[in-house]
Amino acid sequence: MCGIIGIVGKNPVNQSLYDGLLVLQHRGQDAAGIVTCDGDTFYMHKNNGMVQDVFQTRHMRGLVGNSGIAHVRYPTAGSPSAAEAQPFYVNSPFGIVLGHNGNLTNSAQLKEEMFRQDLRHINTTSDSEVLLNVLAHEIESQSSGYVTLDNSMIFDAVTGVHRRCRGAYAVVAMIANYGLLAFRDPFGIRPLVIGKAETEKGTEYVVASESVALDVLGFTLVRDVAPGEAVFIDLDGHFYSQQCAENPVLNPCIFEYVYLARPDSVIDGVSVYQTRLHMGESLAEKIHREWAHHNIDVVIPIPDTSRPSALQLANALNLTYREGFIKNRYIGRTFIMPGQELRRKSVRQKLNPIGMEFKGKNVLLVDDSIVRGTTSERIVQMAREAGAHKVFFASAAPPVRFPNVYGIDMPSADELLATHHRTDEDICHAIGADALIYQDLDALVRDIKLGNPDIMKFDCSCFDGNYVTGDVSAAYLSAIEAARKDGAKFKKPSNSTTQLDLNLVSLEEEQEETV
């Protein structure tokens, strides 16, 4: 999971890109990068770390130009090396930088093609660098024999990308001296929205992972990038778009609405906040149906994502809603941390119970989902230690039974608590709760479709094992199983080479260097 943003403006965009990354920080906390464009020159700074730590005043001053792209990273493929921070850059043809949210399911095959057929070298283990080189090769093929690019060549190149690449990808890219290119995979799995703002100097455009970035920057949401569509905004601010896939179909990732996206975002016409309210209502209906004689005293959310669902659930069942946990906002997400012991320790550092809300009460804890179960188990234990009489647990999402291969770093199947061989009773026992209830998948789909009935299907693969791209084999799942087991992806990479060229200015940690 990553966050991407691209802007073509009438004034310097470095501050806007930085501000956009800050509100997309929830989508990636491992690395951040900004590239700005001033005609035919790129200015880049990127590194591991949070946005506010990666960019200092000296870096921002060097990021000149009225257009650019930016990226925050959660490493779901490749290594955590700073060499794999994005955007990536190639110098041929024309000079291209690219930021990518998603995951290519055929990156190994493409990397081999790059070496054998396209004669391009991949420096890292990142599938995003593979995607960049596929795009560069397709642009080169379209522009062969021509000195300049035109829009049709760019769109035909994206058609070539769709033909070759499999998996999920939402992309922003800059082509030196031409403009901003953005496109979305033919299934529309990962989100991408377009916004614009009218200024005295003319129209400015932005493309971003979530609409919240547009809100903060003062842009108006125009629409989502359609599955398979490419949009191109030249450096003068002219907007062009074209459908570049043969059979596009919208299958947005359902987990965006459950957990990943900010509640104040609108994705594919659906309010994330409204969806989470509906999830609470549906969960309340199931509790009323299956726990008709429940003796719940208080409903307590597990901060932060579950709050809307828990509040609506409490209202629907006429129960008391209370905040029972205080969250330390300086601790990262725990389900991707390496090692169970570190995750357990982190949960206790992240949440602290308010004893008076638990003592002597039958408590219903509501969370957005259960992945490994480490967080759930520790929270149930904390509730008991705070004096709860009984602890019930409700998940606003169905059981997570399968790994995600489209850009969410969910663990291997063996590390998921709700694998196919565990019943709900087994899971309840594993987390130490007195009772456990899950949202039904049909109800979750219905809750989201209330916001946009035109969405006919979702990527629900982490819940039902149905991978919508149709190319995910048992062998592929076995490969990612090995790669995602605890500690596997935290080994040092064997290659940390980075690419620089004459039309790229890289702002280093200690000094500004023109290469």
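This report describes the fold, two helices, one sheet, a buried glutamine and several aromatic pairs of a protein chain.

The structure is a predicted model, in which local features need pLDDT of at least 70 and side-chain atom pairs count only at pLDDT 80 or more, while totals for chains, interfaces and linings use all residues. Residues are numbered from 1 along each chain as its sequence is written, and side-chain values use heavy atoms, with hydrogens and water left out.

**Overall composition**

The protein chain contains 16 helices and 24 strands; these are DSSP runs numbered from the N terminus, helices being H or I of at least four residues and strands E of at least two. Of its 515 residues, 60% are buried (under 20% relative accessible area, with exposed over 50% and partly exposed in between, for a 1.4 Å probe and protein chains only). Contact means heavy atoms within 4.5 Å. Among contacts between residues at least 6 apart in sequence, 71% join residues at least 24 apart.

**Two helices**

The expected span of a helix is 1.5 Å times one less than its number of residues. The table sets this value beside the distance between the end C-alpha atoms.

| Helix | Length | Expected span | End C-alpha distance |
|---|---|---|---|
| Helix 6 (residues 151-164) | 14 residues | 20 Å | 20 Å |
| Helix 9 (residues 272-290) | 19 residues | 27 Å | 27 Å |

The buried residues of helix 6 include Met153, Ile154, Phe155 and His162. Among the elements that cover the buried residues of helix 6 are helix 4 (107-118), helix 5 (127-143), strand 7 (167-175) and strand 8 (179-184). In helix 9, the buried residues include Val272, Arg276, Leu277, Met279 and Lys286.

**An open sheet**

Six strands form an open sheet in the order 5-6-7-8-12-13, with antiparallel pairing; two strands pair if DSSP finds at least two bridges between them. Strand 5 and strand 13 are the edge strands, each pairing on one side only. From one strand to the next, the twist averages 20° (axes are lines fitted to C-alpha atoms, for helices over the stretch in contact, and angles run from 0 to 180 degrees between N-to-C directions). Within this sheet, strand 7 and strand 8 pair in the antiparallel sense over 6 bridges. Ala170 has Arg184 in strand 8 as its bridge partner.

**A buried glutamine**

Gln86 is placed in the loop between strand 4 (67-73) and strand 5 (88-90). Gln86 counts as buried because its relative accessibility is 2%. Not counting residues up to four places away in sequence, Gln86 touches residues including Ala32, Lys46, His71, Leu98 and Ser128. The side chains of Gln86 and Ser128 are joined by a polar contact of 2.9 Å (a pair of N or O atoms within 3.5 Å; within protein, one must be able to donate a hydrogen and the other to accept it, and residues adjacent in sequence count only if both atoms are side-chain atoms).

**Aromatic pairs**

Rings of Phe, Tyr and Trp (its six-membered ring) pair if their centres lie within 6.5 Å; planes under 30 degrees apart count as stacked, over 60 as edge-to-face and the rest as tilted. By this rule there are 11 aromatic pairs. The rings of Tyr18 and Phe55 have centres 6.2 Å apart and planes at 85°, so this pair is edge-to-face. Tyr18 lies in helix 1 (residues 14-23) and Phe55 in the loop between helix 2 (51-54) and helix 3 (57-62), so the pair ties together parts that are 37 residues apart in sequence. Tyr18 and Phe55 are buried.

The rings of Phe255 and Tyr259, with centres 5.9 Å apart and planes at 55°, form a tilted pair. Phe255 and Tyr259 are both buried, and with Phe463 they form one aromatic cluster.
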